[in-house]
Amino acid sequence: MSKVNACVIAGGQCKFGVREASYIDMVQEASKACLDDLPDLKPRDIDGLLFASTYVGRNSCQVNPAPVVAERVGLKPTSICTRVDVLCAGGSSGILLAQGLVQSGMAEVVMVLGSEKLYTPERWQIQYGEIAASDHDWDAPQGIGPPPLWFAMQAKDHMKHYGTTREQLAAVSVANYKYGFNNPKGHFQNELTIEEVIEAKEIAAPLGLFDCCPLTDGAAAIIIASEERAKDLSGRPLVYLRGGAQVSLHSVTANWPGKHLGDWPHMKLAAEKAFERAKLSPEDIDVAQVHDCFSISQIIELEELGFCKKGEGGPFMASGQTNLDGKIPVNTDGGLLSCGHPLGATGIRQGIEVVKQLQGRAANQVKGARFGLTHNLSGVNVEHTIVTYGREPKK
Amino acid sequence: MKGVPILEGRYSNILDMFPVECKEFNRIYTFYNNLKEGRFTTTKCKGCGKVSYPPRVICPECYSEKLEWIDLPTRGKVVTIAEKWRGIPICFTPPLIDAWIEFPDGSPVKHVLSRLINCEVGQVKEGDEVQLAVFDVPSHPMDKGKESIMVDRVFFAFEPVK
């Protein structure tokens, strides 16, 4: 049997923000945006649905949402119709699974659709519900679940061990908000200065308001197809899914795998595995979307991905290396900080941006981009997910 | 009247941030019983000697079910500490103070992340010693046959050494 390659052929998202819409409304908006991206593609061409959502069970009282979603968006799946719940990496997990299904021959054209309704009718429920995002019996009663405290500690340890500064943290927010300025579908469209970031109200020192991604409602959809179907359906340059990885080494914070909290060996391992499977190295990557849930996260991720040396993420950011003319443009559509973070939709939003970059149609275009990467961490930093994309398939 | 009338006065465990600790529900109830006596414990495999935290009903190393309870240190040293004033879940009162605590050399469990209680912001510094603090958690009803029993609960945090 000849090897089947998996390609991304279309993608779209609804407006991210504080939405006057339910998860199922936004699912329909995103699927329309996705199919509008490739008008020749019809719902009947799609044989599989992976629906990424974490809080749909809790915030919208809907378990087994995949058939509900399939019906509303006009799909009649015959290969797969299931929910994926990996918190912040649900969308990327769906893309990895769709790649596997397509490459195995089980599915031909799969929609990966993520939606998250985080704004409950009364807002107290949002933070209370976030408690469920950590290991319930052990970390939730310690107030961890809403993640800022834990990431504040990771920032403090990184500062302690590597001399990272408050200004360097702020440089992440400034850079990503700048990219998000011309993204009308993101949560925010404003630029920031270093001073504004540093002087913003404190959430958990050293992290202030703009160091933390906002709570956001949203949905996004992407289509993964076999290379053969992709050639039938799309006239655009093909974008291939190369290799990926998902690594989980612990769940309860007490079992943190690093030497200290600024050391993320589980992410390093995920990067090594993904690059090995993709037959790529960090030097090959032209554009990356990394999980900037907090400013400190992006600094550490740049290190663990191998874009800079361990401990040098702060100066790397502050010297503009993630700008379009820098070493590696990162979060070119605004990232989580500016676009917001509707958990299950985020990895899909990142995938859409990478695909646009590789097809030469991004708003903040990286010239001649051939290989791209997305990364998510999940929950209270218990899992890392990496997807790689290329203009050519893995040989 | 607002919301869901059937919930009036009823316990909903899907909204409970604390574990259901009783032996009618949870096979590691010994941990909570020990906690009530001021002991911080976990399980050790009698076969391969692996100490696991949190406690298990099987050994994750060799899958043996022959486990014993051992005591962990109840004192440790603060490595990193952080406070949060905003975005605190309604079950906690701000400021929420959490610390990454290191246990003494020789402890089979190296670290734990815990709330610090019985202290003010700024009172506990990195390097300070803290100790286990056990506190009561609201009880809840539990169906047992045709009866309903009330289950008393505790949980733990750490506090400054007095």
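This is a short tour of chain A, from the whole fold down to one strand and its two neighbours.

Before you click, note that the model is predicted: local features need pLDDT of at least 70, side-chain atom pairs count only at pLDDT 80 or more, and totals for chains, interfaces and linings use all residues. Residues are numbered from 1 along each chain as its sequence is written, while chains are lettered from A and ligands numbered from 1 in the order in which they are written.

**Whole chain.** Select chain A and switch to cartoon: there are 14 helices and 11 strands (DSSP runs numbered from the N terminus, H or I of at least four residues for helices, E of at least two for strands). The C-alpha atoms fill a box of roughly 55 × 45 × 40 Å along the principal axes. Of the 395 residues, 63% count as buried, meaning 20 or more other C-beta atoms, placed from the backbone, lie within 10 Å of a residue's own.

**Strand S7.** Now pick residues 218–226 of chain A. Are they buried or exposed? 9 of the 9 are buried, so S7(A) is largely enclosed by the rest of the structure. Colour the two faces separately: one side includes A:Ile222 and A:Ile224, the other includes A:Ile223 and A:Ala225, and both are covered.

**Its neighbours.** Add residues 6–13 of chain A, strand S1, which pairs antiparallel with S7(A) over 7 bridges (pairing takes at least two DSSP bridges). Zoom to A:Gln13, and A:Ala220 of S7(A) stands opposite. Then add S4, residues 109–116 of chain A, which is antiparallel to S7(A) and joined to S7(A) by 8 bridges. Here, A:Leu113 has A:Ala221 as its bridge partner in S7(A).

Conventions. A residue is buried if 20 or more other C-beta atoms lie within 10 Å of its own, exposed if 12 or fewer, and partly exposed in between; C-beta atoms are placed from the backbone.
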